[in-house]
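These are my notebook entries on one chain and its bound metal. I set down each item as I looked it up.

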Amino acid sequence: MTPASAPRTARVQRETSESSIDLSIDLDGTGVSDIETSVPFFDHLLTAFAKHSLTDLTVRARGDIEIDVHHTVEDVGIVLGQAIRQALGDKRGISRYGDALVPLDEALAQAVVDISGRPYLVHTGEPAGFEFHLIGGHFTGSMVRHVFEAIAFNAALTVHVTVLGGRDPHHIAEAEFKAFARAFRLAKALDPLVAGIPSTKGAL
Ligand SMILES: [Mn+2]
């Protein structure tokens, strides 16, 4: 792998009446993470994302979880997206596209990522009722899609996530995040055969 000309790192801090977030990212890391969002199942998903995308990730988040986890989870997704976009820089030398098919026991999820500069999410296949389930008693199933929306829109990624099978909500959510991570790992990778920015437009 050719090293990037500039370090592909970013730190984003965001403070609102609903949450307070400090996030650091290194796209050329080894998957080391240190994550405390005060939402345990989300910590689990973000740890999996870091590990399987070979992204180093540090997150400290506090939010109004006495209401529910929604604001905190969504806002971390927004900040993660902003940090990814910032760390990608001008996208010189990247592979741009990545795809992955990841099982977790009975669950199977597919993800495709295009570092396109155009925010788009297509998310299908979660079983009926998934969005209403409280994973671990606190993480609303609907937040899985909402986090992908926040990441894709703020990082300006095209993301397709398809759940092909699964019964256990924990397995399904984790397979989705791992598939996204593996696809993102390939898309952000520096390809020594790519000269410049991989777009016929000359910009991404
Ligand atoms: Mn929301």
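In which helix does Thr72 lie? I located Thr72 in helix H2. The model is a predicted one, and I kept that in mind for every entry below.

**Entry 1: Thr72.** I looked up the accessibility of Thr72 and found a relative accessible area of 0%. Because buried means under 20%, Thr72 counts as buried. I then listed the contacts of Thr72, leaving aside residues up to four places away in sequence. Thr72 touches Thr37, Val39, Ala61, Gly63, Asp64 and Ile65.

**Entry 2: the manganese ion.** Which residues coordinate the manganese ion? I noted His70 through NE2, Glu74 through OE and His146 through NE2, at 2.1 to 2.3 Å. Written along the sequence, the spacing of these donor residues is H-x3-E-x71-H. I traced one pair further: Glu74 belongs to helix H2, residues 70-88, and His146 to helix H3, residues 142-155. These two residues are 72 residues apart, and the pair links distant parts of the chain.

**Entry 3: order of elements.** I recorded four helices and 10 strands in the chain. Read from the N terminus, the elements run β-β-β-α-β-α-β-β-β-β-β-α-β-α.

**Entry 4: the chain as a whole.** Why does the radius of gyration agree with a compact globule? For 204 residues a compact globule would have a value near 17 Å, and the chain has 16 Å, so the two agree. The box filled by the C-alpha atoms, taken along the principal axes, is roughly 50 × 35 × 30 Å. I noted that 47% of the 204 residues count as buried. Of the contacts between residues at least 6 apart in sequence, 77% join residues at least 24 apart.

**Entry 5: surface and charge.** The chain exposes about 9,200 Å², and carbon and sulfur atoms supply 53% of that area. I also looked up the charges: there are 18 positive and 26 negative ones, and their mean positions lie 9 Å apart.

**Entry 6: positive phi.** Most residues other than glycine have a negative phi. I therefore noted two residues with positive values. Ser38, which is not a glycine, has a phi of about 70°. I placed Ser38 in the loop between strand E3 (33-36) and helix H1 (40-53). Ser38 counts as partly exposed, because its relative accessibility is 28%. Ala156 has a phi near 60°, and I found Ala156 in the loop between H3 and strand E10 (158-165). Is Ala156 buried or exposed? Ala156 has a relative accessible area of 0% and is therefore buried.

**Entry 7: Pro40.** I found Pro40 in helix H1. At 54% relative accessibility, Pro40 counts as exposed. I also looked up the separation of Pro40 from Ala10: the two are 30 residues apart along the chain, and their C-alpha atoms are separated by 24 Å.

**Entry 8: Gly136.** Where is Gly136 placed? I located Gly136 in the loop between strand E8 (134-135) and strand E9 (139-140). Gly136 counts as exposed, because its relative accessibility is 71%. From C-alpha to C-alpha, Gly136 and Ala187 are 31 Å apart in space, with their positions 51 residues apart in sequence counted as the separation.

Notes: Residues numbered from 1 in each chain as written. Predicted model: local features only at pLDDT ≥ 70, side-chain atom pairs only at ≥ 80, totals over all residues. Heavy atoms only, no water. Rg over C-alpha atoms; globule rule 2.2 N^0.38 Å. Buried < 20%, exposed > 50% of the residue type's maximum accessible area, 1.4 Å probe, protein only. Contact = heavy atoms within 4.5 Å. Areas by Shrake-Rupley, 256 points an atom, 1.4 Å probe, with all protein chains shown as cover. Lys, Arg positive; Asp, Glu negative; His and termini not counted. Charge placed at Lys NZ, Arg CZ, Asp CG, Glu CD. Donors = N, O, S within 2.8 Å, 3.2 Å for Na, K, Ca; no water.
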